[in-house]
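Biologist: I have a model on my screen and some questions about its strands and charged side chains. Can we go through them one by one?

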Amino acid sequence: MFATFETGDLTTYPQRLETLLDKQRHAIDRLARQASPTYASLMKPLQDLDEERALFFTPLEHLHSVADAPDVRTAYEACLPLLSAFDSWLYRHRALYDQIASLHSDDPEAARVLNDTVRDFRLAGVDLDAEARERLTQIDRQLSEQSNAFETHLLDATQAHEWILDRPEDVAGMPLADREAARIETPEGIRYRFSLQMPSYTAYMTYGPNRALRRELYQAYTTRAPENGTVIDRLLALREEKARLLGFDHYAHYALQTRDAETVETVESFLEQLLTSARPQAEREMARLKAYALETDGIETLAPWDVAYYSERLKKELYAYDAALTRPYFPLERVVSGLFAWLTEWFGIAFEPIEVPVWHPSVRVWQLTEADRIVGRIYLDLETRPTKHGGAWMHNWESRFVDQAGRTHAPSAFVVANFAAATPTVPSLLRHDDVVTLFHEMGHAIHHLFSRTHERAVSGIHGVAWDAVEFPSQFLEHFAYEATILKRFGFHYQTGEPIPETLLETLHRARNFQAALGILRQVELALFDLQLHQKSYRGDAVHALLERIRERTALLPPPEWNRFEHGFSHIFAGGYAAGYYSYKWAEVFSADAFHASHDPHRGFEADRARTYREHILSRGASSPMRTLYQNWLGHAPRLESLMRLYAIGVSDA
Ligand SMILES: [Zn+2]
């Protein structure tokens, strides 16, 4: 029923992939030649082929991110061009497209699959003439070259600067871990090295006591890679041309075709509302920060390079909170079993440990069951290792669906994190924000694993719009701040004592610190991104647009030389062009769902948990998220819920 995790001989991986893709090309050509295709005779086998490719390639892709080694990387890098060539062949297959476009289904899930598939073929340019298709191919290649150039310039500029400090007073008061990370031994004695790389830059901006030095770092950071100005112009021109070729008047319009937010206007008015609601409190937060800097250090004019530094000190003073305080209460094993027990209680699905092949001895696997039915499998790989890529993520592997032969497949997923590794004497202990991360990734995992759809293309997280996919993860995350939940597994790893109430209260309150300022910053970036992709901004007009938006969003205007946009990788080198708003968009869903479901005494309101599973988790992308949501709670997500979540408008800020 489940695939076995294995990669076999890595040196033959690319060849084996090519053999599989060849076989699939022939199969697809045959499918496209059917005399009278039906959904069952065309779409079912196509989805089976998708699953076959995912089953084969995901283990290598996964290994590349959790056990990176030269042979893994070589195999992985050799496979990527094969897959991308296959994709462009598939999505420009005119005969196949014509067959699909002629189909109809009365089954809502199947109808949705047809609708999305036709849309994706069209957005890939299948119905353009040969010349336009050729141009589109060139544009896509140039777009990826320019994005690479953007990232390379940024990387080079980031590595070009370093500061070697020899005066102890320049690092006085900094956390030990940050000082240790910066410490170097030279023939002249101990020195401290800081750079524009993360986390070195953030460490100095947050804790570095030398104000002049903070300004120097800030200036170097925000004027990096001026040559990216030209790259931005090229990217914007190419995106605009691509959108026009495909029949859209601007890139934002094209990008929103695959999103949950239906129109550019909807997103803009959402961002404007967010700005209006958060601004009064943001002004109070800023006034308080300025007053604090004046009181403590006589800072008459707070500068952008002071913000993180005084915010951190003010936060410490207000909440007496130190992330290290929570660690003894959150031993990894106990957090995981507590989280699983909680999920079982509310969703009725049990987690049973099983022994199956894995990629590292510390990886653990659970089988999910409900009554006698096997629901899925989850692999947890949570402790940090040198060969693992940074951060945390959920990676889906198998999918729940019914194949062409009528067999039901069960889903599986990997949850990966980089929590502190256990030592021979101390277990892995989590900070509270690690617990939040684990809840977040589990939110993605259950979205994939609790699926009950019969069509693979809309199963679990497949086909879920980018601006909606973070809803289930953020939703679960909100519960990780709740005392009733944390108390279930928060016990001191040595004494067994429960986590103190005062600490739980602090966690909850500290979450809202400067929340409104944070929202304003996100609105600034999202508005800039969205407006930039609606008109032909080039050259100085790009920065002028940002300046204009900042008049309303930046309560402490950055200096005239700040060129933040030259480092805005999300939209110029990542996949977020005309999509930066997605974070906040999904957060409104998650905040509203939280208010509808949260029970202060028991955590999750029992009936809501059942219906959340039924209306959201089990449905995958079988309908747009806004429709699923409406069916679940009977209303659209409300922006006020986000304000309530962060206590904006009612807090003591
Ligand atoms: Zn996420």
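The questions and answers below deal with a predicted model.

Biologist: In the open sheet of three strands, which strands stand at the edges?

Modeller: The strand order is S1-S3-S2, with antiparallel pairing. An edge strand has a single partner strand, so one of its sides is left without a neighbour in the sheet. The strands at the edges are S1 (162-165) and S2 (183-186).

Biologist: How much are neighbouring strands of this sheet turned against each other on average?

Modeller: S2 and S3 (residues 189-195) pair over four bridges. Within that pairing, Thr186 stands opposite Gly189. With direction ignored, the average turn between neighbouring strands of this sheet is 35°.

Biologist: Helix H9 packs on the sheet; what angle does its direction make with that of S1?

Modeller: Helix H8 (residues 200-207) packs on the sheet and touches S1 and S3, at about 100° to the direction of S3. Helix H9 (residues 211-222) also touches S1 and S3. The angle between H9 and S1 is about 165°.

Biologist: Is Asp381 buried or exposed?

Modeller: Asp381 sits in strand S6 (residues 373-383). Residues it touches include Val66, Val363, Val415 and Ala417. Its relative accessible area is 0%, and buried means under 20%, so Asp381 is buried.

Biologist: Which side chain makes a polar contact with the side chain of Asp381?

Modeller: Trp359 and Lys388 are among the residues that Asp381 touches. The polar contact spans 2.7 Å, and the partner is the side chain of Trp359.

Biologist: Asp68 and Arg73 meet in a salt bridge; which of the two is buried?

Modeller: Their side chains come to 2.8 Å, N to O. Arg73 has 41% relative accessibility, so it counts as partly exposed. At 14% relative accessible area, the buried one is Asp68.

Biologist: Glu185 forms a salt bridge with Arg183; how far apart are the closest N and O atoms?

Modeller: Glu185 is exposed at 65% relative accessibility. Arg183 is partly exposed at 34%. The closest N and O atoms are 3.4 Å apart.

Biologist: Where do Arg279 and Glu283 both lie?

Modeller: These two form a salt bridge at 2.7 Å between the closest N and O atoms. Arg279 is partly exposed at 26%, and so is Glu283 at 38%. They are four residues apart, about one helix turn, in helix H12 (residues 264-297).

Biologist: Which residues do salt bridges with shared partners join into one network?

Modeller: A search of the whole structure finds 45 salt bridges. Some share partners, and the network they form joins Arg112, Asp116, Arg119 and Asp120.

Methods: Residues are numbered from 1 along each chain as its sequence is written. This is a predicted model: local features need pLDDT of at least 70, side-chain atom pairs count only at pLDDT 80 or more; totals for chains, interfaces and linings use all residues. Side-chain values use heavy atoms; hydrogens and water are left out. Two strands pair if DSSP finds at least two bridges between them. Helices (H or I, at least four residues) and strands (E, at least two) are DSSP runs, numbered from the N terminus. Axes are lines fitted to C-alpha atoms, for helices over the stretch in contact, and angles run from 0 to 180 degrees between N-to-C directions. Contact means heavy atoms within 4.5 Å. Buried means under 20% relative accessible area, exposed over 50%, partly exposed in between (1.4 Å probe, protein chains only). A polar contact is a pair of N or O atoms within 3.5 Å; within protein, one must be able to donate a hydrogen and the other to accept it, and residues adjacent in sequence count only if both atoms are side-chain atoms. A salt bridge is a side-chain nitrogen of Lys or Arg within 4 Å of a carboxyl oxygen of Asp or Glu. Lists of a residue's contacts leave out its neighbours within four places in sequence.
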